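Hi everyone, thanks for coming. Let me put the structure up on the screen so we can walk through it together.

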Amino acid sequence: MYEQAKKLYEVYGVDVEKALDVLKNVPVSIHCWQGDDVIGLDGSDSLSGGIQTTGDYPGRARNFEELKADIKKAFSLMPGKKRLNLHASYAVLGSDRGKVDRDKYAPKYFEPWVKFAKELNLDGIDFNPTMFGHPMMKDGLSLSSPDEKTRKFWVEHCKACIKISEYFADEFGTPTVMNIWIPDGYKDVPADRLSPRLRLKKSLDEILSIDYDRKKVSVAVESKVFGIGVESYTVGSNEFYQIYAAKNNICCLLDNGHYHPLEYVSDKIPSLLAFYDTVALHVTRGVRWDSDHVVLFEDELKEIAKEIVRNDALNKVKIGLDYFDASINRLSAWVTGQRAMQKALLTALLLPHDKLKKLQDSAEFTELMVLQEELKDLPLGIIWSEYLKREKVKADYLSEIKEYENKVLKDRK
């Protein structure tokens, strides 16, 4: 069946073997926080700042060892090259390393993660300062706080995170994306929109003033429309971060849940590629708002993958996943989303982009529409099955996850 399917793609000028070879080497950064509902390891017991995890499915990872075990199991069911995406709140603190606050975090608190990632033969680790779930979030503000003590605390936290990111890059020999997202904003209409943004600009300037190797660490800023509790005003808006990133030669991160439902990140990617050397993504699935649903193989995901592939940007666009669902088996959520991302990339790699572009440029729009419709009928599923076989992962991952649930997760209360 695979050989027959391959011949069907060859009719359209598509090299299936090349597509499979490319796909297995595209790193996808997989978020650790799906496994424990974004609670972290540094003492927080609740979320804040517009983040909400819903559901009470049994088996949440309660500590470092359980989270590692779950990640190891989930990653074993995922095809392709993988990275690990950590929030700073997953620092491994303890008597042998000492207990410090987030402004004093250092590489040693993440050495266990490096050891673990190397055991899994991962491509590297990406990183995120954690400015939520902490008592120093004063009145819902961090880097934009009018309280200087609060603002400086979070500036020092982000500086520390850059050094930790550089440590990751040195350990793995691959650049680290360090993404800054803040939950700062106001629930109701603010009296002053400018001052918080000027304070945020000042904070970012101070963070970037430290000496670090930009070839090793790609600092990114992530915008958002609104969150729970900050419905009327978000300090880190898209316009603010796009301009700041462009002026300071850093990276913009696009989370496809962080925009109006009728805005599409797939359309934003080529705009950024016209100006930025690197674009970062957090791929999620919003349902009516930034609800962080598990990524599925849907139209917008396919369009995101198309824009990355057709613009020869697989080395420029850093793909990370970002969702958290506590209403279903958490390992299944991890695997389903990662496979959906990989399948979308495969779909894009199996399209004759040069032929499609030529039809567009020659204004042969009728032929373009017909060809795009024909391509939808090609046997993607057969190629996907061959890819899973070559990656030595089972097509049926649910039965293995349910077995793990019955043996391991059911005893977690």
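I'll go through strands, a helix, some single residues, the cysteines and the cavities.

A word on the basics: this is a predicted model, where local features need pLDDT of at least 70, side-chain atom pairs count only at pLDDT 80 or more, and totals for chains, interfaces and linings use all residues. Residues are numbered from 1 along each chain as its sequence is written, and side-chain values use heavy atoms, with hydrogens and water left out.

Let's start with strand S1, residues 28-31. Helices (H or I, at least four residues) and strands (E, at least two) are DSSP runs, numbered from the N terminus. Val28 and Ile30 point to one side of S1, Ser29 and His31 to the other, and all are buried. Buried means under 20% relative accessible area, exposed over 50%, and partly exposed in between, using a 1.4 Å probe and protein chains only.

Which strands sit alongside S1? Two strands pair if DSSP finds at least two bridges between them. S1 pairs with S2, residues 82-87, in the parallel sense over four bridges, and Ile30 has Leu84 as its bridge partner there. S1 also runs parallel to S10, residues 317-321, joined by two bridges, with Val28 opposite Ile319. Ile319 is buried at 5% relative accessibility. The C-alpha atoms of Ile319 and Pro27 are separated by 7.3 Å, although these residues are 292 residues apart along the chain.

Now to helix H10, residues 330-349. H10 has 20 residues and reaches 29 Å from its first C-alpha to its last, close to the 28 Å expected at 1.5 Å a residue; the expected span is 1.5 Å times one less than the number of residues. Of its 20 residues, 19 are buried. At the start of H10, a side-chain oxygen of Asn329 comes within 2.9 Å of the backbone nitrogen of Leu331.

In helix H8, residues 265-273, please find Ser266. Ser266 is buried, at 9% relative accessible area, and its side chain makes a polar contact of 2.9 Å with the side chain of Glu300. A polar contact is a pair of N or O atoms within 3.5 Å; within protein, one must be able to donate a hydrogen and the other to accept it, and residues adjacent in sequence count only if both atoms are side-chain atoms.

Two loop residues deserve a look too. Most residues other than glycine have a negative phi. Asp37, in the loop between S1 and helix H3, has a positive phi of about 65 degrees. Asp292, in the loop between strand S9 and helix H9, has a positive phi near 55 degrees.

How many disulfides does the structure hold? Zero, where a disulfide is a pair of cysteine sulfur atoms within 2.5 Å. The sulfur of Cys161 is 6.0 Å from the closest cysteine sulfur, in Cys158, so that pair is too far apart for a bond. Cys251 is in no disulfide either, as the nearest cysteine sulfur, that of Cys252, is 6.9 Å away.

Finally, the empty space. There are two cavities of 30 Å³ or more, and the largest has a volume of about 200 Å³. Among its 18 lining residues, the closest to the centre are Ile51, His87, Trp181, Asp322 and Phe324. On a 1 Å grid over the protein atoms alone, a cavity is a set of points where a 1.4 Å probe fits but cannot get out, and lining residues have an atom within 4 Å of a point. Grid points are joined across faces, edges and corners, and a volume is the space filled by probe spheres set on the points.

Notes
On a 1 Å grid over the protein atoms alone, a cavity is a set of points where a 1.4 Å probe fits but cannot get out, and a pocket is an open set with protein on both sides within 12 Å along at least five of seven lines; lining residues have an atom within 4 Å of a point.
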